[in-house]
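This report describes how strands and helices are arranged in one protein model. Please keep the sequence and the structure in view while reading.

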Amino acid sequence: MENKIKRIGVLTSGGDAPGMNAAVRAVVRTALSYGVECIGIRRGWNGLINGDFVRMDSGDVSHIIEKGGTVLYTARSMEFMTEEGQKKAVNTCHLLGLDGIVAVGGDGTFRGAQALSRWGIPVVGIPATIDNDISCTQYTIGFDTACNTAIDAIDKLRDTMQSHERCSVVEVMGRQAGYLALYVGIATGATAVLIPERPVDIEADVVEKIRQARLAGTTHYMVVVAEGAGNAMEIAARIHELTGLDPRVTVLGHIQRGGSPTARDRETATRMGYEAVKALVEGRRNRIVATCDGYIVDIGIEEALSMTKQFPMDRYEVLEAVTTKIKKEVH
Ligand code: F6P
């Protein structure tokens, strides 16, 4: 069968995530293996609007698999949300002779890809965000690395909290999702975890847990707050008000978005990059690549963007079960 795709573009857009480079590398190398030329579009959708591109060969993606950030730069494009911006991007695709675009990013990136697909440009999306909040996929590139970065920071905080017998309130990213907070809370043995997926009750979810920990003999406490569940400073102030403790607040911030990707992120990104190009070459246009029970699948973009994702609340139950409990009866 004649391969109709001759040249594709690849871009990264939205908040960066560790593993984006691994995905770009896989897209470029897979394209070349099919005899397809690959053009890197810089600075996300803005790059497609402005014709900001770079030709990419095999050597251009050497030794980027281990690098955090994105060599293609990224941006959140307001202009691409307008019809005028989209028309400019379509013109760039025609001018450069692009037969398809692989867009690596999160939900906003995929809304952009959907818009482009409606203008007749074939697209495939690869999910990459530390928030793991994309409905159509069980896993998004960058989540594992961000978890490990946050865990490393919290382990260090615990050392000093333990020495000083203090309470620590740590705010992690995640936008409106609590995946990062919940996984990190479980993995660090946090005293309490606040996530946006369940109503926040400071007395029941934090103070009571601190109380139980204290009664069980603990003298330091780790409270992990998802940014979508509340403001760490305000939560610390409430803890002070209700317990007299003097919590220290740490907002981990953008450190969670950097760093060399973990094995999971490199491997997943590479498989997703491969599948994205394969989909385009095999004529499956307008798809989002996703993970499903360990497999990489691709889903039609319209369906993918209308899906909802079940938050793993069973993991919150795990957390509750293993949080320090009051010791049994003292006689
Ligand atoms: O979506 C990724 C993310 O890091 C969120 O967790 C966070 O809320 C947001 O991006 C921060 O965005 P910015 O880089 O614009 O500060």
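In which sense do strand S4 and strand S5 pair, and over how many bridges? In this predicted model, strand S4 (residues 101-105) and S5 are paired in the parallel sense, and five bridges link them.

## The seven-stranded sheet

Strands S4 and S5 belong to an open sheet of seven strands, which follow one another in the order S3-S2-S1-S4-S5-S10-S11 with mixed pairing. The edges are formed by strand S3 (53-56) and strand S11 (295-300), each of which pairs on one side only. On average, and with direction ignored, neighbouring strands of this sheet are turned by 25 degrees against each other.

Within the sheet, strand S1 (residues 7-12) runs parallel to strand S2 (residues 37-41) and is joined to S2 by five bridges; Arg 7 has Glu 37 as its bridge partner in S2. Further along the order, the bridge partner of Val 104 in S5 is Ile 126. Strand S5 (residues 123-127) is mostly covered, with five of its five residues buried. This burial involves both faces of S5, since Val 123, Gly 125 and Pro 127 are buried on one side, while Val 124 and Ile 126 are buried on the other.

## The four-stranded sheet

A second open sheet has four strands in the order S7-S8-S6-S9, and here the pairing is parallel. Strand S7 (192-194) and strand S9 (248-251) are the edge strands, each pairing on one side only. The average turn between neighbouring strands of this sheet, direction ignored, is 15 degrees.

Strand S7 and strand S8 (residues 221-226) run parallel and are joined by three bridges, with Val 223 of S8 serving as the bridge partner of Ala 192. Helix H5 (residues 143-164) lies across strand S6 (167-172), S8 and S9, and runs at about 165 degrees to S6.

## A buried glycine after S6

The loop between S6 and H6 contains Gly 178, a residue that is buried, with a relative accessible area of 0%. Leaving aside residues up to four places away in sequence, Gly 178 touches Ile 195, Pro 196, Glu 197, Ala 226 and Phe 311. The C-alpha atoms of Gly 178 and Leu 194 are separated by 8.0 Å, although these residues are 16 positions apart along the chain.

## Two helix pairs

Helix H6 (residues 179-188) and helix H11 (residues 313-322) have axes that come within 10 Å and cross at roughly 30 degrees. Angles under 35 degrees count as roughly parallel, and H6 and H11 are therefore roughly parallel to each other. The crossing in which H6 passes H11 is left-handed. From H6 the contact involves Leu 182, Tyr 183, Gly 185 and Ile 186, and from H11 it involves Arg 315, Tyr 316 and Leu 319. Sorted by class, this contact of H6 with H11 comprises five nonpolar, one polar and one charged residues.

Helix H1 (residues 20-33) packs with helix H9 (residues 263-281) at an angle of about 35 degrees, their axes lying 7 Å apart, and the crossing of H1 and H9 is right-handed. H1 contributes Ala 22, Ala 23, Ala 26, Val 27, Thr 30 and Ala 31 to the contact, whereas H9 contributes Arg 266, Ala 269, Thr 270, Gly 273, Tyr 274 and Val 277. By class, the contact of H1 with H9 has eight nonpolar, three polar and one charged residues.

Methods. Residues are numbered from 1 along each chain as its sequence is written. This is a predicted model: local features need pLDDT of at least 70, side-chain atom pairs count only at pLDDT 80 or more; totals for chains, interfaces and linings use all residues. Side-chain values use heavy atoms; hydrogens and water are left out. Axes are lines fitted to C-alpha atoms, for helices over the stretch in contact, and angles run from 0 to 180 degrees between N-to-C directions. Angles under 35 degrees count as roughly parallel, over 145 as roughly antiparallel, 65 to 115 as roughly perpendicular and the rest as oblique. A crossing is left-handed if the near helix is turned anticlockwise from the far one by less than a right angle, and right-handed if clockwise. Contact means heavy atoms within 4.5 Å. Ala, Val, Leu, Ile, Met, Phe, Trp, Tyr, Cys and Pro count as nonpolar, Asp, Glu, Lys and Arg as charged, and the others, Gly among them, as polar. Two strands pair if DSSP finds at least two bridges between them. Buried means under 20% relative accessible area, exposed over 50%, partly exposed in between (1.4 Å probe, protein chains only).
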